[in-house]
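Here are my notes on the model you sent over. Have the structure open while you read, and skip around as you like.

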Amino acid sequence: MPDPELEQHLRKLPSVEELLRSEPLRSAVRSSPRSLVVRAAREAIEGVRSAAREGEPVLDAEQLATRAAEGVQRLRQPSLRRVVNATGVVVHTNLGRAPISERALAAVSEVARGYSNLEYDLERGVRGSRHAHVERLICELTGAEAAIAVNNNAAAVLLALAALAGGREVVISRGQLVEIGGSFRIPEILAASGARLVEVGTTNRTRRDDYEHAIRDDTAALMRVHSSNFRIVGFTEDVSIAALCELARSRGLAMIDDLGSGVLAAPEHELLSSLVADEPSARRSLDAGADVVCFSGDKLLGGPQAGLIAGRRQAIDRLRTHPLARALRIDKLSLAALEVTLDVYRDPAGAVGELPVLRMLVAPEQELEARALRLRDAIESDGEISARVEIVRASGRVGGGALPLLELEGPVVSIVPLALGLEELLAKLRASDPPVVARAHDGVLLLDPRTMPDQECALAAAAVRRALG
């Protein structure tokens, strides 16, 4: 039953027009579209009505106007925003995956601020190809005869299947029918390409004979899919890329290798080399005889979102001329960042220092300890706070469907709030400017310095102090 007294009180709330005549909304109308201010005022009034019927106190006219003004600011704020990643997950899929290097950022800015030779051959003065800007680099770094780039690795796999096996059969091990982020599954991508899936082997064991017995007149390709986001251990068996390539070549089939996260690591760096030692690389697959290999640009490569496809010239030409190639093509800003990122790998010794993802993966213990100390001290500065703050050890992750078994152990700042709940603290951090995304574990909030440079540690510390204050 409605409360008559409450309803009478609610009827006395100011109207939208009355709110617009009050401060701070009069100022808001001068600096923002009137329609936006009207919307914020209407939403504020409706919000107060709903909250009051749930038992919360009714705001007075001044408080209501303040809330509406805050609503204007919220509506004007871009939806896509920079956040501080305090989770310790280096390639965080939900937070945009790999942060790009300063040089890549400068290249994006340079291309974005004006016109560019995206599809124009400056030397000959005729139409050019956007793929030319990175093809030479991809070939140089992988040993491929030809290469193209599309907008992500799922698009790369889709294009490879459509161009090389559309309408025909593709043989894949049952243990490699993976699901990637966002519930996209290899069988669904394969079906969308027009190819038909032929599963062989079992989840944990697949042999060369399984592939050979599945090959028929309608078979177009063999495919290997790297289980980049999971591992099967124990009683297992699979077929090497060299053996698959030899079988495909002997039967006149295409060999497609989906590497997923992709590795172009700096071999001179001992720790990084050991971390990615078991990851398949494009060069090894191509040396083994694969027709095309597909891998991501924004995971272990450390660049922008992109799908890189490298391989034999005849196969790449079929991909390049397929109708899907235009629909899946990479945009100019990603292309600018990708070109610079690939150029970094020409000097492998410098890649770790320049690419944020690689730098975070191999961050020295001393550096992380010093950063954690500064973060803790910044949170505890300027008086007491209603929380217990200390440095503990915890494990971060690579993320992004890469190196799923690797734990990145190191020092983190642990916070146990005393005056508010953990979920409330997490929500307040997400509402800060910039938002801070942290992780909770066993009732404790953890801030991991591995994924925060010093400047962002300072922002996180300020956000925590405001939230606890």
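The points below go through the sheets, a helix pair, the rings and a few backbone oddities.

1. First, the ground rules. This is a predicted model, where local features need pLDDT of at least 70, side-chain atom pairs count only at pLDDT 80 or more, and totals for chains, interfaces and linings use all residues. Numbering starts from 1 along each chain as its sequence is written, and side-chain values use heavy atoms, with hydrogens and water left out.

2. Start with the seven-strand sheet. It is open, with mixed pairing and the strand order 4-12-11-10-9-5-8. (Strands are DSSP runs of E, at least two residues, and helices are runs of H or I, at least four residues, numbered from the N terminus; two strands pair if DSSP finds at least two bridges between them.) Strand 4 (146-150) and strand 8 (196-200) are the edge strands, each pairing on one side only. From one strand to the next, the twist averages 20 degrees.

3. Within that sheet, look at strand 5 (residues 169-173) and strand 9 (residues 219-225). The two run parallel and are joined by four bridges. V171 has L222 of strand 9 as its bridge partner.

4. What lies across strand 4, strand 5 and strand 9? Helix 8 (residues 153-165) does, and it also lies across strand 10 (254-260), strand 11 (292-296) and strand 12 (307-311). Helix 8 runs at about 160 degrees to strand 11. (Angles run from 0 to 180 degrees between N-to-C directions, and axes are lines fitted to C-alpha atoms, for helices over the stretch in contact.)

5. Now the four-strand sheet, which is open and antiparallel, in the order 13-14-17-16. Strand 13 (387-397) and strand 16 (439-441) are at the edges with a single partner strand each, so one side of each has no neighbour in the sheet. Neighbouring strands here are turned by 40 degrees against each other on average, direction ignored. Three bridges link strand 16 with strand 17 (residues 444-447), and these run antiparallel; A440 is bridged to L445 in strand 17. Helix 19 (residues 365-380) packs on this sheet, touching strand 13, strand 14 (407-417) and strand 17, and its direction makes about 10 degrees with that of strand 14.

6. Next, a helix pair. The axes of helix 6 (residues 102-112) and helix 16 (residues 332-344) come within 8 Å and cross at roughly 145 degrees. Residues making the contact (heavy atoms within 4.5 Å) include A104, A107 and V108 of helix 6 and L333, A336 and V340 of helix 16. The contact residues divide into ten nonpolar, one polar and three charged. (Nonpolar means Ala, Val, Leu, Ile, Met, Phe, Trp, Tyr, Cys and Pro; charged means Asp, Glu, Lys and Arg; the others, Gly among them, are polar.)

7. For ring fans: R205 has its charged end over the ring of F235, 3.9 Å from the ring's centre. (That requires NZ of Lys or CZ of Arg within 6 Å of the ring centre and within 35 degrees of the ring normal.)

8. Finally, the backbone. Most residues other than glycine have a negative phi, and most peptide bonds are trans. The bond from E23 to P24 is cis, with omega near 10 degrees, and P24 sits in the loop between helix 2 (16-20) and helix 3 (25-31). D433 and P434 are also joined by a cis peptide bond, omega about 0 degrees; P434 is in the loop between helix 20 (422-430) and strand 15 (436-437). R97 is not a glycine, yet has a positive phi of about 60 degrees, and it is found in the loop between strand 1 (84-85) and helix 6.
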